[in-house]
Amino acid sequence: MVGYDPKADVRNNSKLEVAVAGSVSGFVTRALISPLDVIKIRFQFLSFEQLTELVHKAHKLSAHEYSIHFLCGGLSACAATLTVHPVDVLRTRFAAQGEPKVYKTLRDAVSTMYRTEGPLVFYKGLAPTMIAIFPYAGLQFSCYRSLKHAYNWVFPADQNQTGTIKSLICGCGAGVISKTFTYPLDLFKKRLQVGGFEHARSSFGQVRTYKGLLDCTKQVMQHEGMRGFFKGLSPSLLKASLSTGFMFFWYEFFCNLLYCIRREDS
């Protein structure tokens, strides 16, 4: 169901249905996990479907190939990330500030950051974000496809079911695998995003300043060791497993629902 399937043209959902299913699944999932990521998911499902279809029609490759899902998943996530990165920076700043609050409202945060740090502040941490998001999303989609294949092999009686526990289990597994492999870059991204914001974090103790991605990597290794690259991994894995699992679950569910409604109407 996830990705373009040329062998099931009758079953394939239209682009509008894909957009609707992606949007609804994003709203439902992020209402439970992280509301600010709704826009990113809306862009990423729609662009993923279009990219897999484009690659298949251009090269006549199997839309089920895991490399295609990895490539298209990574590219779709990059496009979505470029769109919503300023929102991600704002979210990190709000979460990172101590007491007293530096930013009282979203409008205050935008105006203050723009006035004191310039327009590029909204794209701080973009380099590690883009480096990390491609393999992260690519692994999400390709691992999801691989885990579904493995699930169908272990439980052949359930292979035709969609929007069920299979989607949830495989999505959770894909989220854990992709997050584990790319977590260090996610850590670098967040640390760079709060750069120039040290005064608001003084109550948290020692706050380090980084000149860029390479300097951040070097300082983490020097002062925190290899374990420093995975600080906070456990809660991130929990969030990634739930968000990815429910994302694929609800997407498969709503795509199937929309198809059933369309078939009844016809």
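**Notebook: helices α3, α4 and α5**

Started with who touches whom: from α3, Val-89, Leu-90, Arg-93 and Phe-94 meet Leu-106, Ala-109, Val-110, Met-113 and Glu-117 of α4. I sorted those contact residues by type and got seven nonpolar, two charged and no polar. Note to self: this is a predicted model.

Next I looked up the geometry of that pair. The axes of α3 (residues 66-96) and α4 (residues 106-117) come within 11 Å, crossing at roughly 100°. Angles of 65 to 115 degrees count as roughly perpendicular, so that is what I call α3 relative to α4.

Then I checked how straight α3 is. With 31 residues at 1.5 Å a residue, a straight helix would span 45 Å, but the end C-alpha atoms of α3 span only 37 Å. Scanning along α3, I found a kink of about 60° at Val-84, shortly before the proline Pro-86.

I ran the length check on α5 (residues 126-154) too. Its 29 residues should span 42 Å at 1.5 Å a residue, and I get 41 Å between the end C-alpha atoms, so the two agree. There is still a bend in α5, about 25° at Ile-133, with a proline, Pro-135, following within four residues.

Last, salt bridges: I count 10. One I wrote down is Asp-88 with Lys-189, where the closest N and O atoms are 3.1 Å apart. This pair links distant parts of the chain, with Asp-88 in α3 and Lys-189 in α6 (residues 165-193), 101 residues apart.

Key. Residues are numbered from 1 along each chain as its sequence is written. This is a predicted model: local features need pLDDT of at least 70, side-chain atom pairs count only at pLDDT 80 or more; totals for chains, interfaces and linings use all residues. Side-chain values use heavy atoms; hydrogens and water are left out. Axes are lines fitted to C-alpha atoms, for helices over the stretch in contact, and angles run from 0 to 180 degrees between N-to-C directions. Helices (H or I, at least four residues) and strands (E, at least two) are DSSP runs, numbered from the N terminus. Angles under 35 degrees count as roughly parallel, over 145 as roughly antiparallel, 65 to 115 as roughly perpendicular and the rest as oblique. Contact means heavy atoms within 4.5 Å. Ala, Val, Leu, Ile, Met, Phe, Trp, Tyr, Cys and Pro count as nonpolar, Asp, Glu, Lys and Arg as charged, and the others, Gly among them, as polar. The expected span of a helix is 1.5 Å times one less than its number of residues. The bend at a residue is the angle between axes fitted to the seven residues ending there and the seven starting there. A salt bridge is a side-chain nitrogen of Lys or Arg within 4 Å of a carboxyl oxygen of Asp or Glu.
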